[in-house]
Amino acid sequence: MENFDITSKIILYIFFVIMLVIFLRYTFKMVEMAYVLKYKKPLYNHFYFNLKKLNKEEKSVLKNQFPFYKKLTDKEKRYFEHRVSSFIKDKDFIGREDFEITDEIKVLVSATAIMLTFGFRDFYIDFISKIVIYPNEFFSNTNSVYHKGEFNPKLKTLVLSWEDFKLGFDDENDNLNLGIHEFTHAIHLSSLKDRDVSSIIFLDTFKELTTFISRNETLRKKLIDSGYFREYAFTNQFEFLSVLIENFIETPNEFRALFPDIYNKTKQMLNFNFAGY
């Protein structure tokens, strides 16, 4: 009988602990959603029990070849390195046509994804499990033409031409960046499926932006006539978003000066509160 009472007490204790955890989790979600509605950003972005580190060579790639990283504070750099390391371990990198996948390639490709999601809490982009890299333009079975990059959501695969990926970073002010463009497609589609707080902010803000533009004929005309966004941006909403973020990352000052309202929405969409933006 005594053993039965002890067992009952343990079960009751476990039950109350579980209920308390559920209650606290629900309360936190409600508090955060109220915060999101008011401030349009997550309650927090970075919370790690153990920060992963890059080795000396990998860190050197960031320092010497990735301008965004160099603008970050020391604390942000540690978070950025942790995310790059985690992203590399989470994805399968595959070379095609005898192309060798080096640590430099893994770091630069992963850093591009982490830069775009650095204002997000969840940075893994679940719609990507494989990153396939060709030495240059490749023949795509999707539409039987040569591509520089593509994203296949069904196969959870991002495909890039390394030659064109590198060209995207060689000129930091031409608003042409293959890596940013293709990763934005993946982030966009992931946000349509995921319901984490960052995806909600990203998607809801983009909807607000497209509604704002669609109701403002003068602004739409200015967008087209300015020539600031290349014509490809006006193919559809997916391409508009990718081109929008290419311009935002590469020429933020010009973007802000020409289209301040659109710039602010893009910044809010990415929660991009970093030096230079």
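Is His 82 buried or exposed? In this predicted model, His 82 is buried, because its relative accessible area is 6%, under the 20% that marks the limit for a buried residue. The residue has its place in helix H4, which runs over residues 74-90. Beyond its neighbours within four places in sequence, His 82 is in contact with Tyr 48, Asn 50, Leu 51 and Lys 52. With Lys 52 there is also a polar link to look at: a polar atom of the His 82 side chain lies 2.8 Å from the backbone nitrogen of Lys 52.

With this residue in view, the whole protein can be described. The secondary structure comes to 12 helices and six strands. Along its principal axes, the C-alpha trace spans about 80 × 50 × 40 Å. Of the 277 residues, 44% are buried. About 15400 Å² of the protein is exposed, and carbon and sulfur atoms supply 55% of that area. The side chains include 38 positive and 38 negative ones, and the centres of these two sets lie 8 Å apart. Contacts reach far along the chain, too: among those between residues at least 6 apart in sequence, 69% join residues at least 24 apart.

Helix H5 makes a good example of a covered element. H5 takes in residues 103-116, and its end C-alpha atoms are 20 Å apart; this agrees with the expected span of 20 Å, because 14 residues are counted at 1.5 Å a residue, with one less than the number of residues entering the product. The helix is mostly covered, as 11 of its 14 residues are buried. Among them are Ile 105, Val 107, Leu 108 and Val 109, and the run from Ser 110 through Ala 111, Thr 112, Ala 113, Ile 114 and Met 115 to Leu 116 also belongs to the buried set.

Ala 111 gives a closer look at this helix, H5. Ala 111 counts as buried because its relative accessibility is 0%. Leaving aside residues within four places in sequence, its contacts are Leu 62, Phe 66, Phe 80 and Val 84. Ala 111 can also be compared with Val 61: the two are 50 residues apart in sequence, while their C-alpha atoms are 10.0 Å apart in space.

Helix H8, made of residues 197-214, offers two further residues to follow, and one of them is Leu 203. Leu 203 has a relative accessibility of 7% and therefore counts as buried. Apart from neighbours within four places in sequence, Leu 203 is in contact with His 188, Ser 191, Leu 192 and Arg 195. Thr 157 is 46 residues away from Leu 203 along the chain, and their C-alpha atoms are separated by 21 Å.

Thr 205 lies in H8 as well. Here the relative accessibility is 2%, so Thr 205 counts as buried. Its contacts, again without the neighbours within four places in sequence, are Lys 265, Gln 268 and Met 269.

What, then, is the accessibility of Arg 220? This residue has its place in helix H9, residues 217-226. At 32% relative accessibility, Arg 220 counts as partly exposed, because partly exposed residues fall between the limits of 20% and 50%. Arg 220 touches Ile 213, Ser 214 and Arg 215, when residues up to four places away in sequence are not counted.

How values were computed: Residues numbered from 1 in each chain as written. Predicted model: local features only at pLDDT ≥ 70, side-chain atom pairs only at ≥ 80, totals over all residues. Heavy atoms only, no water. Helix = DSSP H or I, 4+ residues; strand = E, 2+ residues; numbered from the N terminus. Buried < 20%, exposed > 50% of the residue type's maximum accessible area, 1.4 Å probe, protein only. Contact = heavy atoms within 4.5 Å. Areas by Shrake-Rupley, 256 points an atom, 1.4 Å probe, with all protein chains shown as cover. Lys, Arg positive; Asp, Glu negative; His and termini not counted. Charge placed at Lys NZ, Arg CZ, Asp CG, Glu CD. Polar contact = N/O pair within 3.5 Å; in protein donor to acceptor, adjacent residues only side chain to side chain.
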